[in-house]
Every structure is written in C-alpha cells, then in structure tokens.
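Me: I have a structure open and would like to talk it through slowly. Could you help me find my way around?

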Amino acid sequence: MSLAVAGRWVRPDVPGLLRRHWPLLPLAATVLFLLAPLPAGDATASGKVGPADAASLLLVLVCAVQALRGRVRELTPLGVLVLGAPAVGLAVATMTAGDPYAALPGFVRYLQVFVLVPAAVVLLVRDAAEFRLAAGCFVVLALVQGAVGVVQYATHTGASYQGEDVRAVGTFGPGDVMGMATVVAYGLIVATAAGLAPGLPRRLRRIAGGCALVLVLPLVLSFSRGAWIATFGAAVLVMALAGIRRALKVVAALAAAGVVLVGGFGVGSEMVAERLTSITQVSSAPDQSVTDRYTMWAAAESMWRERPAVGVGLKGFPANRDGHASLGLSSGSDTAGAGQAYLRQPLLSPHNMYLLILSEQGLIGLIALVGGWAALLVAGLRRLASGGGVRDCGLIAIGLFVWQLTDFLYADIGGPSTVLTGVIIGLAAWWALPSRAAGPLRGAVADKEASAGAGSRGRAPGVAARP
C-alpha cells in the first residue's frame with residue numbers, strides 16, 4: 001500500500017514491508033486462498049480441508065513461534081478469559097458426547113475457528129497498519145469472487161435457481177451457495193467502513209466507496225436473503241457509528257446503484273423482487289426451505305431439552321435429528337449448476353449457529369461462546385464510542401462482527417469460508433481487547449515503521465498507530 005507523506009503519495013519499500021510484516025503472510029493466505037476453485041462437480045468438497053484451512057494452521061504455528069520469541073501482543077486477563085473460555089465448553093461437549101471419538105473432528109474444527117485462529121490474529125496483528133492489511137484482503141477476495149459471480153449470472157453458468165443456472169456462487173460451487181455471498185458481504189462491509197472512516201486519506205476513502213458500490217451487484221445476484229439482511233443491518237450500524245452526514249451520502253449512493261442495476265438495467269429484477277417479497281412471508285407462507293429450517297430449529301431445541309447442560313455432543317445433531325424432527329422435514333436440498341450435476345444434499349444442521357451450539361454443547365457451551373461474543377461486542381462498541389484507538393479499524397471490526405452475529409441467526413459454520421469466521425472474531429477481539437501498556441517490542445516496531453514510512457522527513461500519519 002502507499003503511504004501519505006507531507007501530502008504526497010510515496011511508493012512503499014516492499015522488501016522492507018515483508019521483513020517487518022512477514023508473520024501476516026499466513027493470515028493473508030488464509031483469506032486469499034479462498035480464491036482457489038473447488039474441484040468441478042465435487043459438491044462435498046466444502047466439507048474437506050482446503051488451502052485456506054492449511055494456511056490457518058500455518059498462522060497458528062507462526063503465532064506459537066512468535067510467542068516463544070516474545071514478539072506478540074500481551075493480552076489482559078480479560079482477553080485470555082474471553083478467547084480461552086470456548087475451549088472449556090468444547091472439551092466438556094466432546095467428553096460427554098455419546099460417542100467422543102465421533103465428536104473429536106468437531107472439537108478440532110471448533111477449536112480452530114473459535115479459539116486458535118482468533119487468538120493468533122489478536123496476538124500477531126500488532127498495529128493499525130497491519131489490521132488494515134488484513135482487512136484489505138477481504139476486499140480483494142470479495143472483488144474477485146464477485147466478478148466470477150457476475151460472469152456466472154450473465155452467462156448462465158451459475159448455480160441453479162428457479163430452473164435457471166443464474167445464481168452467483170463464485171468459485172465455491174452449488175454445494176456452498178452461501179460462500180460467495182458471505183465473502184462478498186465481508187468485503188462490502190470493510191469497504192463501506194473504510195469509505196466512511198474519518199482520518200483515512202480522501203483518495204483511499206473514495207476507492208473504498210467505489211468498491212462498496214461495485215460489490216452491491218454480486219451480493220444481489222447471490223439471491224441470498226440471509227446475506228442481504230445481515231449486510232443491511234451491519235451497514236446501517238456502521239453508518240450510524242460513522243455519523244449521520246457521512247451515512248446519508250453512502251445511503252444515497254447505494255440506493256442509486258440499486259435503482260440503476262435492478263430498475264434501469266433489469267438485473268435479475270423479477271427474481272430479486274420475488275426473493276425480497278419472500279422475506280416477509282417466512283411466517284405466513286413459508287417455502288419448503290423455510291419449513292425445513294423451522295423444523296430443524298424445533299429439533300435442535302428438543303435435543304437441548306433432553307440434555308440442557310452439555311447437549312448431545314459435538315457433531316451430534318445429524319445423528320439425533322430424525323429422533324427429534326417432525327414429518328415436515330424434507331429429505332434434503334437440491335443443488336445443481338456451476339459445473340455440477342443434480343445432487344440432493346442432506347440437511348445436517350439447524351442453520352442457526354446459536355441453536356446448533358445449544359443442541360450440541362448445551363448451556364455450558366452457549367455461555368462460553370456466545371457470552372464471549374457479547375463481551376467483545378460491548379467492549380468494542382464502548383471503545384468506539386469513547387473515541388479511543390484508530391476509528392477506521394473500529395468501524396471495520398464492529399461491522400464485520402455484527403454481520404457475523406446476525407448471520408448466525410439463520411446460518412451456521414460449514415464450507416471453506418468458515419475459517420474466515422475465526423479471522424473476523426480475531427479482528428473484533430483485537431479492537432475490543434487492547435493489549436497492556438506498550439513494551440520494548442512495540443516501541444521498536446513503531447520506530448522501524450516510522451523510519452521506513454517517512455525516512456528523514458518524519459513519520460507518515462497513522463502508519464504506526466496501535467490500539
């Protein structure tokens with residue numbers, strides 16, 4: 001990225017940046033490796049370990065090495081409690097499961113997403129500049145995946161939707177129809193927050209605003225009601241936190257983009273209208289997908305009532321589903337298109353993260369996980385309201401975190417993009433849980449960044465800003 005020095009843009013010292021920020025390379029890879037396409041026709045590939053998961057493992061290993069060298073941020077006791085408590089709930093749910101060995105893969109996955117990756121992000125991201133680098137990767141991922149999705153819609157090579165292969169799914173394929181919608185929404189929220197953030201260079205804010213407008217199209221063409229709702233809610237919150245005057249400009253621009261795309265060019269107008277209308281009919285006239293979701297929610301609640309403290313155990317929902325679900329549950333969901341033949345996928349989760357935790361981990365797991373998320377959200381909002389830290393980082397962190405918490409109301413983990421959930425929790429924790437007083441390492445890092453960014457002319461504004 002470029003640095004603003006004395007009102008001018010100077011080209012950064014790339015080798016120097018790599019030497020100083022090399023621990024962030026696995027973090028960038030964790031995000032950007034999701035650009036790799038799934039094998040054509042492999043609808044089950046979303047449940048396998050992919051390149052992004054491998055990169056997240058490397059991220060954790062690098063964090064461990066840096067921690068042994070004393071080159072990571074120092075957490076407060078509250079930070080240790082919030083980041084470590086989920087591991088206790090996961091261990092209890094695994095040990096008390098009907099088949100602990102079958103629950104073990106679930107323990108590893110949850111530990112990766114909700115403990116290890118967030119902790120690695122918090123410890124390795126040392127300042128605002130590194131936070132922005134990590135957030136920028138989300139925008140790059142969203143732009144590329146979004147472009148693939150738009151091409152799929154235009155050429156009728158996407159996933160099947162209402163009898164046509166027009167649903168934008170990016171490289172994730174029809175087996176993970178929420179994958180592209182999720183990463184595009186992440187990028188849109190980051191770009192919106194950066195476009196509204198005071199203190200960033202005007203040129204950067206304009207570029208971010210343009211990216212946000214561009215990402216509206218692939219998000220619309222994903223036909224994902226859940227992603228639309230979560231993005232709308234998170235974007236409104238970010239706008240409110242950024243200020244009314246700034247928010248009104250963004251709302252006007254987004255509204256104009258929507259009118260031009262859907263009204264002027266007729267991009268998916270009938271399908272979009274039908275999808276929007278269906279949001280208000282989930283209670284009065286639900287379609288089969290909504291009926292299945294309600295049925296699985298009821299099954300999850302029934303499992304929890306059977307074992308309220310510890311749940312049925314990790315990975316226990318599929319095995320216990322039929323014993324708790326009503327006859328209204330269908331045999332699966334239909335997937336096709338985007339290079340894949342017709343396939344019926346079984347319904348193996350309640351599509352609600354909170355109910356999934358409650359049914360499989362009970363109240364112990366719910367308090368450990370959701371209680372920590374609530375603490376991070378409150379602490380992050382309080383810090384942003386107090387004016388502490390770097391405001392653009394706070395807007396990005398809160399926007400992404402609120403999107404994820406909202407999406408968990410009608411979705412759960414699963415698929416290659418799941419690893420990004422851990423990154424987002426880590427970024428939210430980085431903002432909400434400032435480290436202890438800066439030590440010699442952080443001071444040294446600041447000096448290096450100052451000399452690299454500004455040379456003898458003084459440090460560039462905001463380059464070495466830290467929480």
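Reply: What follows is a chat about this structure, which is a predicted model.

Me: Okay, how many helices and strands does the protein chain have?

Reply: The secondary structure of the protein chain comes to 17 helices and six strands.

Me: And what share of the residues count as buried?

Reply: Of the 467 residues in the protein chain, 52% count as buried. As for how the chain comes together, 77% of the contacts between residues at least 6 apart in sequence join residues that are at least 24 apart.

Me: Let's pick one helix. What span should H3 have, and what is the distance between its ends?

Reply: Helix H3 covers residues 51–68, and because each residue is counted at 1.5 Å, its 18 residues should span 26 Å. The end C-alpha atoms of H3 are 26 Å apart, which agrees with that expectation. After the helix comes Gly70, which has a positive phi near 75°.

Me: Which residues of H3 are buried?

Reply: The buried residues in H3 are Ala52, Asp53, Ala55, Ser56, Leu59, Val60, Val62, Cys63 and Gln66. If you look for a pattern in that list, it may help to know that an α-helix has 3.6 residues a turn, so residues three or four places apart point the same way.

Me: What covers them?

Reply: The cover over the buried residues of H3 includes helix H2 (25–32), helix H5 (100–124) and helix H16 (418–432).

Me: Ala54 isn't on your buried list, so how does it count?

Reply: Ala54 is also found in helix H3, but it counts as partly exposed because its relative accessibility is 43%, and that value falls between the 20% limit for buried and the 50% limit for exposed. The C-alpha atom of Ala54 is separated by 7.8 Å from that of Thr30, although the two residues are 24 apart along the chain.

Me: Thr30 sits in the range you gave for H2, so which residues of H2 are buried?

Reply: In H2 the buried residues are Pro26, Leu27, Ala29, Thr30 and Val31. These residues pack against H3, H5 and H16, and also against helix H6 (128–155).

Me: Switching topic: how many cavities of 30 Å³ or more are there?

Reply: The structure holds two cavities of that volume or more, and the second largest has a volume of about 60 Å³.

Me: Which residues line the second largest one?

Reply: Its lining is made up of Val82, Leu83, Pro86, Phe114, Ala368, Leu369, Gly372, Trp373, Leu376 and Ile425. Helix H4 (77–95) and helix H14 (353–386) each supply at least two residues of that lining, and H14 gives the most, with five residues.

Me: How does that lining split by class?

Reply: The lining of the second largest cavity has nine nonpolar residues, one polar residue and no charged residues.

Me: Now the strands. How do S3 and S4 run, parallel or antiparallel?

Reply: Strand S3 (residues 159–161) and strand S4 (residues 164–167) run antiparallel, and three bridges join them. Within this pair, Ser160 stands opposite Asp165 of S4.

Me: What sits between the two strands?

Reply: S3 and S4 form a hairpin with two residues between them, and Gln162, in the turn, has a positive phi of about 55°.

Me: Which other residues have a positive phi without being glycine?

Reply: Lys315 is one of them, with phi near 65°, and it is found in the loop between helix H12 (288–306) and helix H13 (317–324). His351 is another, with phi near 55°, and it lies in the loop between strand S6 (340–345) and H14. His351 counts as partly exposed because its relative accessible area is 26%.

Me: Last bit: is Ser222 buried or exposed?

Reply: Ser222 is buried, because its relative accessible area is 0%. Ser222 is found in the loop between helix H8 (202–221) and helix H9 (225–242). Leaving aside neighbours within four places in sequence, Ser222 is in contact with Arg167, Ala168, Met180, Ala181 and Trp228.

Me: And Arg206, buried or exposed?

Reply: Arg206 lies in helix H8 and counts as exposed because its relative accessible area is 62%. Between Arg206 and Ala191 the C-alpha to C-alpha distance is 9.7 Å, and the two residues are 15 apart in sequence.

Key. Residues numbered from 1 in each chain as written. Predicted model: local features only at pLDDT ≥ 70, side-chain atom pairs only at ≥ 80, totals over all residues. Heavy atoms only, no water. Pairing = 2+ DSSP bridges. Helix = DSSP H or I, 4+ residues; strand = E, 2+ residues; numbered from the N terminus. 1 Å grid on protein atoms, 1.4 Å probe; cavity = no way out; pocket = protein on both sides within 12 Å on 5 of 7 lines; lining within 4 Å. Points joined across faces, edges and corners; volume = space filled by probe spheres on them. Nonpolar A, V, L, I, M, F, W, Y, C, P; charged D, E, K, R; others polar. Expected span 1.5 Å × (residues − 1). Buried < 20%, exposed > 50% of the residue type's maximum accessible area, 1.4 Å probe, protein only. Contact = heavy atoms within 4.5 Å.
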